[in-house]
Amino acid sequence: MEQSFLEFQNVSFQYREDSPIVLDDVSIQVNQNEWVAVIGHNGSGKSTMAKLMNGLLSPNEGYVYVDGLLLSEENIWEIRRKVGMVFQNPDNQFVGTTVKDDVAFGLENHGIPREEMVKRIAHSLKAVGMEEYEDHEPHRLSGGQKQRVAIASVLAVAPSMVILDEATAMLDPKGRKEIMHTVNQVRQERDVSVVTITHDLNEVTLADRVIVMNKGNVWFEGTPRELFEQKEDLQSIGLDIPLVSKFAHELKGLGLDVKTQPLNHEELMDELWTLHSTT
């Protein structure tokens, strides 16, 4: 049985007593070294979940456990060493005058010795392909480059989990693809859990598991392939499926025996080639 790293137990949350309930009795878990995508339309509670995961918010009811620790005011900084977060707008995270200074900021806050700090900065920037930009000013970088630096700043602290809260929302399609590729590479090289909070269904194809939020509740939990089989149900809550999956559904509607729900163009081409070879 896989070991849980993060767990919500019957978590409920609302910002004020007179405001709507954002999360209602939510119980989920994220296992060690697992990639979980949390999706849902605006107001579904997904970004609130992200803030609860590393203690930016505290639940009104229920419990949040991180690596076996019950999240509380007493251990909040220990939790944040274990769970790093990358936000939608990287400009809000920059504090240094150079890329290197910015990555060093979090390490200084955690009291990392200088010799170790130098190693971590170099390793983290290399992990995201930004080692040649260490002396550049962050505000002169492209949107995708800024997000890579933001990811490097989180990785330098060596967390066990990285949360990306709509981290690609402000990027163009090319930038989004590059960031997801970077995250995938980092995950393969390090033992790190990843949680991506997103409204872009194309991003969930890399995840091991998907949690769909709707009106503060867990509406679906399963693999990306299982999720994309739920075309009509997804549309009923205001979500859609990627173009590749739509095409596969159309082919099935035309009577073609498409056995596998493809997650990308390569899988779709393989499926079509298989169909062609058997006809």
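Where is Asn33 found? In this predicted model, Asn33 is found in the loop between strand S2 (23-31) and S3. The backbone there does something a little unusual to look at: Asn33 has a positive phi of about 60°, although it is not a glycine. With a relative accessibility of 38%, Asn33 counts as partly exposed. Asn10 makes a handy companion case. Its phi is positive too, at about 50°, and Asn10 is not a glycine either. Asn10, however, is found in a strand, S1 (residues 4-13), and at 43% relative accessibility Asn10 counts as partly exposed.

Stepping back to the whole chain, the secondary structure comes to 10 helices and 10 strands. The radius of gyration is 20 Å, close to the 19 Å that the globule rule gives for 279 residues, so the chain is as compact as a globular protein of that length. Taken along the principal axes, the C-alpha atoms fill a box of roughly 65 × 50 × 35 Å. Buried residues account for 48% of the 279 residues. As for how the chain folds back on itself, take the contacts between residues at least 6 apart in sequence: 63% of these join residues at least 24 apart.

Now for the sheet. Six strands form an open sheet with mixed pairing, in the order S6-S7-S8-S3-S9-S10. Its edge strands are S6 and S10 (217-222), each of which pairs on one side only. From one strand to the next, the twist averages 20°.

Strand S7 deserves a closer look. Of its 5 residues (161-165), 5 are buried, so S7 is largely enclosed by the rest of the structure. The cover is on both faces: Met161, Ile163 and Asp165 are buried on one side, and Val162 and Leu164 are buried on the other. Strand S6 (residues 83-86) pairs with S7 in the parallel sense, over 4 bridges. In that pairing, Met161 of S7 is the bridge partner of Val83, while Val86 stands opposite Leu164. S7 is also joined to strand S8 (residues 193-198) by 5 bridges, and these two strands run parallel as well. Here Ile163 stands opposite Val195 in S8. To get from S7 to S8, the chain passes through helix H6 (residues 173-189), and this β-α-β crossover is right-handed. H6 itself lies across S3 (35-39), S7 and S8, and runs at about 145° to S3.

What about the packing? In soluble globular proteins, nonpolar side chains tend to be buried together. In this model, the largest nonpolar core has 48 residues, and those with the most contacts inside it are Ile39, Val86, Ile151, Leu164, Val183, Val212 and Leu227. The elements that each give two or more residues to this core include strands S3, S7 and S9 (209-214), along with helices H3 (99-109), H4 (114-127), H6 and H7 (224-228). Helix H5 (143-156) gives the most, with 7 residues. Two of the names in the core are already familiar from the sheet, since Val86 and Leu164 stand opposite each other.

Val212, another of the residues with the most contacts inside the core, is worth following outward. Leaving aside residues up to four places away in sequence, Val212 touches Ile39, Asn217, Val218, Trp219, Phe220, Leu227, Ile237 and Leu239. A second, separate core has 30 residues, among them Val30, Met49, Ile76 and Ile211.

Finally, there is Leu52, which sits in helix H1 (residues 46-53). Is Leu52 buried or exposed? Leu52 has a relative accessible area of 0%, under the 20% cut-off, so it counts as buried. Not counting residues up to four places away in sequence, Leu52 touches Phe8, Val11, Phe13, Leu23, Leu57, Ser58, Pro59, Val64 and Leu71. As for distance across the model, Leu52 and Trp219 are 167 residues apart along the chain, and their C-alpha atoms are separated by 19 Å.

How values were computed. Residues numbered from 1 in each chain as written. Predicted model: local features only at pLDDT ≥ 70, side-chain atom pairs only at ≥ 80, totals over all residues. Heavy atoms only, no water. Buried < 20%, exposed > 50% of the residue type's maximum accessible area, 1.4 Å probe, protein only. Pairing = 2+ DSSP bridges. Right-handed = clockwise from strand over helix to strand, strands pointing away. Axes fitted to C-alpha atoms, helices over the stretch in contact; angles between N-to-C directions. Contact = heavy atoms within 4.5 Å. Core = buried A, V, L, I, M, F, W, Y, C linked by side-chain atoms within 4.5 Å. Rg over C-alpha atoms; globule rule 2.2 N^0.38 Å.
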